Every structure is written in structure tokens, then in C-alpha cells.
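Please take a moment to turn the model in your viewer before reading on. We will then walk through it together, one part at a time.

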Amino acid sequence: MSIVNDAIPAVGPDPAEEAVTALLTALGVDLGEESLADTPRRVAAAYRELLEPHEFTATTFPNEDGCDELVLVRSIPFQSLCCHHLLPFFGVAHVGYVPGKRVLGLSKLARVVQASARGLQIQERITTRIADWLTEELDPLGAGAVVEAQHTCMSVRGVKAVGAWTTTSAVRGVLREDPHRREEFMRRTESGGGVGWR
Ligand SMILES: Nc1nc2c(ncn2[C@@H]2O[C@H](COP(=O)(O)OP(=O)(O)OP(=O)(O)O)[C@@H](O)[C@H]2O)c(=O)[nH]1
Ligand SMILES: [Zn+2]
């Protein structure tokens, strides 16, 4: 008679944890040290957290007051992982739109930044995703994002350009087509080359 209960899945070793052990061992790290005993579990958990999707619902309201000026949230912090080195990059996003028929709950401008930054990324894709999401969800007159980031793959290794900031932008609708609106958006999102924590 079998004593195995088929309804309860066997809990085996975590493949991600095993892979971290294999990677560190291949790199010559001695995991026998007491302080490293739990490191594979922590590393696997940290990457799971960074790769987990950020789900949210886009709460919108009718634009009852007929607002047709730029709505902008500045300095939204984000963290991401570069798809080339799996090293973090982080910074701030400035996100805005010119409402059409509906306005968006303000916190959702920060949530779309979090959602767009998750996964293995390049900065340009995060920026484009934010502008495209706003355009698709809201059908606004215009939408745009400016992202400023520091890439640790450029600072702690390789070229070691400590303190270098990368700025990317994506604009849609009137923020792209109307030179005055575009200029206003760029001016209001400008932070002077990465001193942008304001
Ligand atoms: N366009 C873009 N490039 C990125 C981003 N993050 C990292 N990179 C770059 O991706 C490139 C990968 O190039 P490779 O030459 O294959 O990598 P590597 O040999 O490690 O290059 P170095 O970093 O120059 O040592 C590097 O130039 C990185 O700086 C990003 O968000 N956008
Ligand atoms: Zn990188």
C-alpha cells in the first residue's frame, strides 16, 4: 500500500535557489561559510521580488471640469534590473498627460511607472511603455514621460562612470505635435541632469 498522498504536491528544492548555488560555486565562492549559508535563498527571493509584475487597476474619472492643461507628477522613484547584466538601475520618472474626456487617479501615474519598470528592462522601453499605456488607457490629448536613471552596470563595473545620469523621453499626441506644448512639457520635466530628486 502506498502512503504517498497524491493530492499534496511534494515540496522539493527551489530550482532558483539551486541555480544561485551553482552560479556562485562556479564563480569560486565557498558557500561553506556560515554567513553565506542562506545567501542562495536570499538572492532567489530578491530576484523574484524584482521580477514580479506590478498589477493595478486604472481608476479614471470623467473630465467634468474640462481640464485641457498638462497634469504632471514629477520625481516618481523606480527601481529596475538591466536586461544585459541583471544589475539594478534606478532613478525618477516625470509623467504627465493632457486630459481628453477622462482624468486618471494621480497615484496611477506612479503605479504605471512601477509596472513599466518591472522585469528585465532597458530604460528606453520603460519610458515608451509609460507613454503608450497612458495613450491606450486614457485616450488623452497628449501623454509623455521623462525618465532619469543611474545604471549600476555603468558605475560599479565596466566603465565605472560613477554619477552618470541617463535621460530618456517619450511623448505622444499634442505633446509631440504641438511645439509649444512639447516645450512646456520638456521645461517642466527638466531637472538639470540628474539632480532630479526634487
Ligand atoms: N540602450 C541601453 N543600453 C543599456 C541599458 N542598460 C545597459 N545598457 C548597455 O548595454 C550594453 C551592453 O553591451 P555589451 O558590450 O554587450 O556589454 P559589456 O561588454 O558588459 O559592455 P560594458 O558595459 O561597456 O563593459 C552596455 O553598453 C550597457 O551600458 C539601457 O537601459 N539602455
Ligand atoms: Zn546593464
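What follows is a tour of the sheet, the helices that pack on it, a separate helix pair and the surroundings of the ligand.

Keep in mind as we go that this is a predicted model. A good place to begin is the sheet. Five strands make up this open sheet, and reading across it gives the order E5-E2-E3-E6-E7, with mixed pairing. Its edges are strand E5 (120-121) and strand E7 (166-173), each of which pairs on one side only.

Let us start from the E5 edge and move inwards. Strand E2 (residues 71-82) is joined to E5 by two bridges, and these two strands run parallel. If you want to find the spot, look for Cys82, whose bridge partner in E5 is Gln121. On the E3 side, the sense changes: E2 and E3 pair antiparallel, over nine bridges. Here Gln79 stands opposite Phe90 in E3. The hairpin of E2 and E3 has five residues between the strands, and within the hairpin Leu86 takes a positive phi near 60 degrees.

Now for the helices on this sheet. Helix H3 (residues 106-117) packs on the sheet, where it touches E2, strand E3 (88-98) and E5, and its direction makes about 20 degrees with that of E2. H4 packs on the sheet as well, touching E2, E3, E5, strand E6 (142-151) and E7; the direction of H4 makes about 20 degrees with that of E7.

How do H3 and H4 lie relative to each other, and at what angle do they cross? Their axes come within 9 Å and cross at roughly 135 degrees. The two helices are therefore oblique to each other, and H3 passes H4 in a right-handed crossing. On the H3 side, the contact involves Val112, Val113, Ser116 and Ala117, which meet Ile126, Arg129, Ile130, Trp133 and Leu134 in H4. Sorted by class, the residues of this contact are seven nonpolar, one polar and one charged.

A second helix pair is found earlier in the chain. Helix H1 (residues 15-26) and helix H2 (residues 39-51) have axes that come within 8 Å and cross at roughly 120 degrees. That angle makes H1 oblique to H2, and the crossing is right-handed. Ala16, Glu17, Val20 and Thr21 are the H1 residues here, and they meet Pro40, Arg41, Val43 and Ala44 in H2. The contact of H1 with H2 has five nonpolar, one polar and two charged residues.

Finally, let us visit the ligand. Which residues surround ligand 1? The shell consists of Cys82, His84, Ile122, Gln123, Glu124, His151, Cys153, Met154, Gly158 and Val159. Cys82 is already familiar as the bridge partner of Gln121 in E5. Helix H4 (123-138) and helix H5 (152-155) each supply at least two residues of this shell, so to speak a link back to the helix H4 that packs on the sheet. By class, the shell around ligand 1 has five nonpolar, four polar and one charged residues.

Conventions
Residues are numbered from 1 along each chain as its sequence is written. Chains are lettered from A and ligands numbered from 1 in the order in which they are written. This is a predicted model: local features need pLDDT of at least 70, side-chain atom pairs count only at pLDDT 80 or more; totals for chains, interfaces and linings use all residues. Axes are lines fitted to C-alpha atoms, for helices over the stretch in contact, and angles run from 0 to 180 degrees between N-to-C directions. Helices (H or I, at least four residues) and strands (E, at least two) are DSSP runs, numbered from the N terminus. Angles under 35 degrees count as roughly parallel, over 145 as roughly antiparallel, 65 to 115 as roughly perpendicular and the rest as oblique. A crossing is left-handed if the near helix is turned anticlockwise from the far one by less than a right angle, and right-handed if clockwise. Two residues are in contact if their C-beta atoms, placed from the backbone, lie within 7 Å. Ala, Val, Leu, Ile, Met, Phe, Trp, Tyr, Cys and Pro count as nonpolar, Asp, Glu, Lys and Arg as charged, and the others, Gly among them, as polar. A residue is near a molecule or strand if its C-beta atom, placed from the backbone, lies within 6 Å of it. Two strands pair if DSSP finds at least two bridges between them.
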